[in-house]
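Welcome! Please take a moment to look over the sequence and the 3D view before reading on.

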Number of protein chains: 2
Amino acid sequence: MAAGTAPPSGTRDFLPEDVRRREYVIGIIKRVYEGYGYEPLETPAFENLETLLGKYGDEGNKLIFKILRRGEHEATGQADLALRYDLTVPLARVVAHHQAKLPRLFKRYQIQPVWRADRPAKGRFREFYQCDVDALGSPSPLVEAELCAAISDAMVKLGFSDFTIRLNHRQLLTAVLNSVGIAEELHGSALVAVDKLDKIGPEGVGVEMASRGIAAGAAASLLARFKQTAEGDTTPFQALDPHGTAAYANLASILALADGTSARGRIRLDASLARGLSYYTGAIMEVNVPDLAGSLGGGGRYDNLVGMFSGQQIPACGFSLGLERILVVMTDRGMFPPSLATTPADVMVATFDQSGAPHAVRLAGGLRAAGLRVLVYPDPDKIGKQIKYADGRGIPFVAILGDDELKAGTVTVKDLKAQAQQTYSQADAGAAILEALKRRG
Amino acid sequence: MAAGTAPPSGTRDFLPEDVRRREYVIGIIKRVYEGYGYEPLETPAFENLETLLGKYGDEGNKLIFKILRRGEHEATGQADLALRYDLTVPLARVVAHHQAKLPRLFKRYQIQPVWRADRPAKGRFREFYQCDVDALGSPSPLVEAELCAAISDAMVKLGFSDFTIRLNHRQLLTAVLNSVGIAEELHGSALVAVDKLDKIGPEGVGVEMASRGIAAGAAASLLARFKQTAEGDTTPFQALDPHGTAAYANLASILALADGTSARGRIRLDASLARGLSYYTGAIMEVNVPDLAGSLGGGGRYDNLVGMFSGQQIPACGFSLGLERILVVMTDRGMFPPSLATTPADVMVATFDQSGAPHAVRLAGGLRAAGLRVLVYPDPDKIGKQIKYADGRGIPFVAILGDDELKAGTVTVKDLKAQAQQTYSQADAGAAILEALKRRG
């Protein structure tokens, strides 16, 4: 690798094998989303800076990539645009802007990259893809249930069988914090600590809460209730304030509705789930697998975000799967089908001297018309070198047009794996190679 | 549309119908490229600023979107990154960087957005997609011929029958300029003028050449030769310097090789084709249709660009189709298949009260398993309102689970177009709807 030719820090070049794996995963997720009536949406890579500012909290603001003003304004050093930080805020803007054109109930998916100026680390990139799915226009718990079902279907189709969807509700969490006597002004601090439960454990969270001025007794009660509910004991949910009781009932409805889907048995009520983003207002969800710290994706209800753009509230709920994390786990576990390790072509046409090349090009056209992917070797190298190239690239067949073949209107097809060769009429070669590929599977 | 919710100047939101059209075109182009053994590559949206600077000429440099440094460096107003301006320079960087991993002959395609801070105008955007296809590692004219063939196949598969591929060669152009006595130091100026021939006609080019200090006699000779060659008279190519003669022979080889492909009869030698970008070194190409000023795409050979990154020259040649221009022409001409005007779903499942909703969700799962795209109406609205929603969205069937159906294990399927309805067992409904959709075509 030459110096100065690496992609920018935190970004990656995707070589053909990488792209094929990414497209395989995206294709499965997309087909599942389409099966639920979600429709595709795409938004620009950058937004006006003010569209993004103030939507992701102070931490988020710092991670936004800003674009310098252009022309005569460049020298001011000011930014007016910023790269997309997630797909949810652009969606809210789109819904506010195109409201007259969009249906009252709008279900959309969006699979595009986002950019965050995070410190790069293993599995953490500055450019990464989100696979978002959202429904706008309905407050029904059926929306959450179908989101869980769609996520579950996608996970199953990708080959996962050991995932869990954790489910909580922002107002249930608030009510539980109230029930152990944590004052409202400390809820924000408490949530930041709770959000780290996965990473630092209950003791760590206790220490963090103490440092944030939360009384040890309250913190201990809270952690005890989390433990109780995690073990399936719902007592802590029985004596909550009315908001908490309603939130618990909402989660019960979601669970009941999801019972007739592939999410059955995979959703786990988890009172400690906090989710970082500030725009959530109702149910919140996260999907996890045992061998990955952190989640493969998450989401929730955000009934106030569209109103920040249009002044008119539109109920909304969504889920985002993280493509890179799914790829990390699938790669570690070897979950990609062998057929994905594709070669650049099904057959290579060898070329000889300049007089033979037009025939090679013509033959290639015929083979393509038969449905084959065909690479024509462009240079008049020795036939041994050409075959070595095909073999090195995993191309299974080489078509050879020598003088004899040209005279007879035939082509000799070498099967590199079987180390055999056969001569066909040029018209029949395509079908014969296709047949051989099918037999091979 | 609310104020402040529009996408940034020169960019667009793609609503579902837009995305479907874009994906239709991309899908066709991609399958054609794959058929030729080109493999997919993707690069980051931004590059280190120095990677892009100095590659596109002074005009290009001004149009690069620059990204502000982050954190403590933000206040300096300096940029360190820049949005991708085309897909060719990133490709050259990738080839220099990953050379050890890449095959000696590397054929790649890349379909991604690029960004240019051009003044927005009809059909000119600041974010637009390029569909690039390049072959690296061979100087053979077979590379150019196959590029022309692939572009031609893609155009034909998209439904175009009236396109032309204009072909020229940088060194042929130089030799023709020499042959009419234009001094080498004026070639750059002359090319800028020649590049405008499409837009301002021969008289305009004559005026522009005069203003650039090119003698009237030389300009007139040049234009006369262009006219001659455009009419198929090859005399002006017969008496050129050795570079020009070699370039002409190269074009003749490309034409001969392309004769056995769908590009046959569509390639036109055009001595006046200049192409703007400065990195071209050999053959240059452009694809045009009569009803669009400007081209649908273009490309050429650039044997020195990889060397700017790796120090090692690698011969390279490529072509880039512009997605937005193709879409403009296809939309104007109505070239999209009617099946693309898809609805969000094949069938909508209506929901009644809360007790019926779990049954609706379960039925939807069964219909999806049968291969249907199914939208579950989430809210317990009156059935008339629900059916109106389905009809308004063009969803052809509505599945209704009333009390009677639930008792009997059946479902009533309303065909909104035929204004008819039929009751099926829940197990059979999916197959019946699929069958009806197929009959409808």
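Here is a short tour of how the two chains are arranged and how some of their helices pack. Please keep in mind that this is a predicted model.

**Two copies and their axis**

Let us begin with the pair of chains. Two copies of a chain are related by a rotation about an axis and a shift along it. In this model, a turn of 180° and a shift of 0.0 Å along the axis lay chain A on chain B, with an RMSD of 0.1 Å. The two copies are therefore related as by a two-fold rotation axis. If you would like to find that axis in the viewer, look for Gly77(A): of the residues of chain A, Gly77(A) comes closest to the rotation axis, its C-alpha lying at 1.8 Å. Both copies use the same surface, since 100% of the contact residues of chain A recur in chain B.

**Where the chains touch**

How many residues of chain A are in contact with chain B? There are 79 of them, and they meet 79 residues of chain B. Helix α13 of chain A, residues 357-369, gives the largest share of the side of chain A that touches chain B, with 6 residues. Sorted by class, this side of chain A holds 42 nonpolar, 17 polar and 20 charged residues.

**The domains of chain A**

Chain A is divided into two parts: domain 1 takes in 16-45 + 84-333, and domain 2 takes in 343-440. Taken over C-alpha atoms, the centres of domain 1 and domain 2 of chain A are separated by 52 Å.

**Three helix pairs**

Now for a look inside the chains. Two packed helices are described by the angle between their axes and the distance between the axes. The table gives these values for three pairs.

| Helix pair | Axes come within | Crossing angle |
|---|---|---|
| α13(B) (357-369) and α16(B) (426-440) | 9 Å | roughly 45° |
| α6(A) (170-179) and α10(A) (242-258) | 8 Å | roughly 140° |
| α1(B) (16-35) and α12(B) (323-333) | 11 Å | roughly 110° |

Take α13(B) and α16(B) to start with. Their axes cross at roughly 45°, so α13(B) and α16(B) are oblique to each other. The crossing of this pair is right-handed. On the α13(B) side, the residues are Leu363(B), Gly366(B) and Leu367(B), and they meet Gln426(B), Ala429(B) and Gly430(B) of α16(B). This contact is made up of 3 nonpolar and 3 polar residues, with no charged ones.

Next come α6(A) and α10(A), whose axes cross at roughly 140°. That angle makes α6(A) oblique to α10(A). Is the crossing left-handed or right-handed? α6(A) passes α10(A) in a left-handed crossing. From α6(A), the contact uses Gln171(A), Leu172(A), Thr174(A), Ala175(A) and Val176(A), while α10(A) brings His243(A), Gly244(A), Ala247(A), Tyr248(A) and Leu251(A). By class, there are 6 nonpolar, 4 polar and no charged residues in this contact.

The tour ends with α1(B) and α12(B), which cross at roughly 110°. This makes α1(B) roughly perpendicular to α12(B), and the crossing is right-handed. Arg21(B), Arg22(B), Val25(B) and Ile26(B) of α1(B) make the contact with Leu323(B), Ile326(B) and Leu327(B) of α12(B). Here the contact has 5 nonpolar residues, no polar ones and 2 charged ones.

How values were computed. Residues are numbered from 1 along each chain as its sequence is written. Chains are lettered from A and ligands numbered from 1 in the order in which they are written. This is a predicted model: local features need pLDDT of at least 70, side-chain atom pairs count only at pLDDT 80 or more; totals for chains, interfaces and linings use all residues. Copies are superposed by least squares on the C-alpha atoms of residues with pLDDT of at least 70 in both. Two residues are in contact if their C-beta atoms, placed from the backbone, lie within 7 Å. Domain bounds come from an automatic or database domain assignment. Helices (H or I, at least four residues) and strands (E, at least two) are DSSP runs, numbered from the N terminus. Ala, Val, Leu, Ile, Met, Phe, Trp, Tyr, Cys and Pro count as nonpolar, Asp, Glu, Lys and Arg as charged, and the others, Gly among them, as polar. Axes are lines fitted to C-alpha atoms, for helices over the stretch in contact, and angles run from 0 to 180 degrees between N-to-C directions. Angles under 35 degrees count as roughly parallel, over 145 as roughly antiparallel, 65 to 115 as roughly perpendicular and the rest as oblique. A crossing is left-handed if the near helix is turned anticlockwise from the far one by less than a right angle, and right-handed if clockwise.
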